[in-house]
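Reader: I would like to talk through a model with you, pockets and backbone alike. Could you put it up for us?

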Amino acid sequence: RHYGLDPVDQKTFLLLDEGRAFNKGDAALQAARHMWQPWPLARVFRLLPRPVRDGFYDLVAKYRYRVFGKRDSCMVPQPEHAGQFL
């Protein structure tokens, strides 16, 4: 609620970073900023209008299991990364 988001609506990717809330395409691009090369270069897509970025995000989300596969269980983070997950 602090960020103006509905805490019950969990239909999208949400990232809290540097005191700001990001969702959908903006969250993916913000997360890419913290990854190894070449992912930070993806921030160039911020030049696209938000509806275009979010439309692309929705398209990838719709077909993600076909592209990346589906697992029976979630990844368990290594102890050194556990503080980065809720």
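Reader: Which strand gives the most to the lining of the second largest pocket?

Author: Happy to start there. This is a predicted model, where local features need pLDDT of at least 70, side-chain atom pairs count only at pLDDT 80 or more, and totals for chains, interfaces and linings use all residues. Residues are numbered from 1 along each chain as its sequence is written, and side-chain values use heavy atoms, with hydrogens and water left out. With 4 residues, the top contributor to that lining is strand 1 (residues 14-17; strands are DSSP runs of E, at least two residues, and helices runs of H or I, at least four, numbered from the N terminus).

Reader: What volume does the second largest pocket have?

Author: A pocket here is an open set of points on a 1 Å grid over the protein atoms alone, where a 1.4 Å probe fits, with protein on both sides within 12 Å along at least five of seven lines; lining residues have an atom within 4 Å of a point. Grid points are joined across faces, edges and corners, and the volume is the space filled by probe spheres set on the points. For the second largest pocket this comes to about 920 Å³.

Reader: How many residues line the second largest pocket, and how do they divide by class?

Author: The lining has 20 residues, and F13, L15, A31, Q84 and F85 lie nearest the centre. Ala, Val, Leu, Ile, Met, Phe, Trp, Tyr, Cys and Pro count as nonpolar, Asp, Glu, Lys and Arg as charged, and the others, Gly among them, as polar. The division is 13 nonpolar, 6 polar and 1 charged.

Reader: Is Q84 buried or exposed?

Author: Q84 sits in the segment after helix 2. Buried means under 20% relative accessible area, exposed over 50%, and partly exposed in between (1.4 Å probe, protein chains only). Because its relative accessibility is 63%, Q84 counts as exposed.

Reader: Which helix gives the most to the lining of the largest pocket?

Author: That pocket holds about 1400 Å³ of space. Its lining has 27 residues, with F13, Y57, V60, R64 and F68 nearest the centre. The elements giving two or more residues are helix 1 (24-33) and helix 2 (50-68). The top contributor, with 9 residues, is helix 2.

Reader: Where is the kink in helix 2 centred?

Author: In this helix R53, D54 and Y57 are buried, and its buried residues pack against strand 2 and helix 1 (contact means heavy atoms within 4.5 Å). The bend at a residue is the angle between axes fitted to the seven residues ending there and the seven starting there. The kink is about 50°, and its centre is K62.

Reader: Which residues does the cis peptide bond join?

Author: Most residues other than glycine have a negative phi, and most peptide bonds are trans. One to look at lies in the loop between helix 1 and helix 2, where P38 is found. Omega is about 10° for this cis bond, which joins Q37 and P38.

Reader: What is phi for E18, and what is phi for K24?

Author: E18 is in the loop between strand 1 and strand 2 (20-23), and at 56% relative accessibility it counts as exposed. K24 belongs to helix 1 and counts as partly exposed, at 22%. Neither is a glycine, yet phi is positive in both: about 55° for E18 and near 50° for K24.
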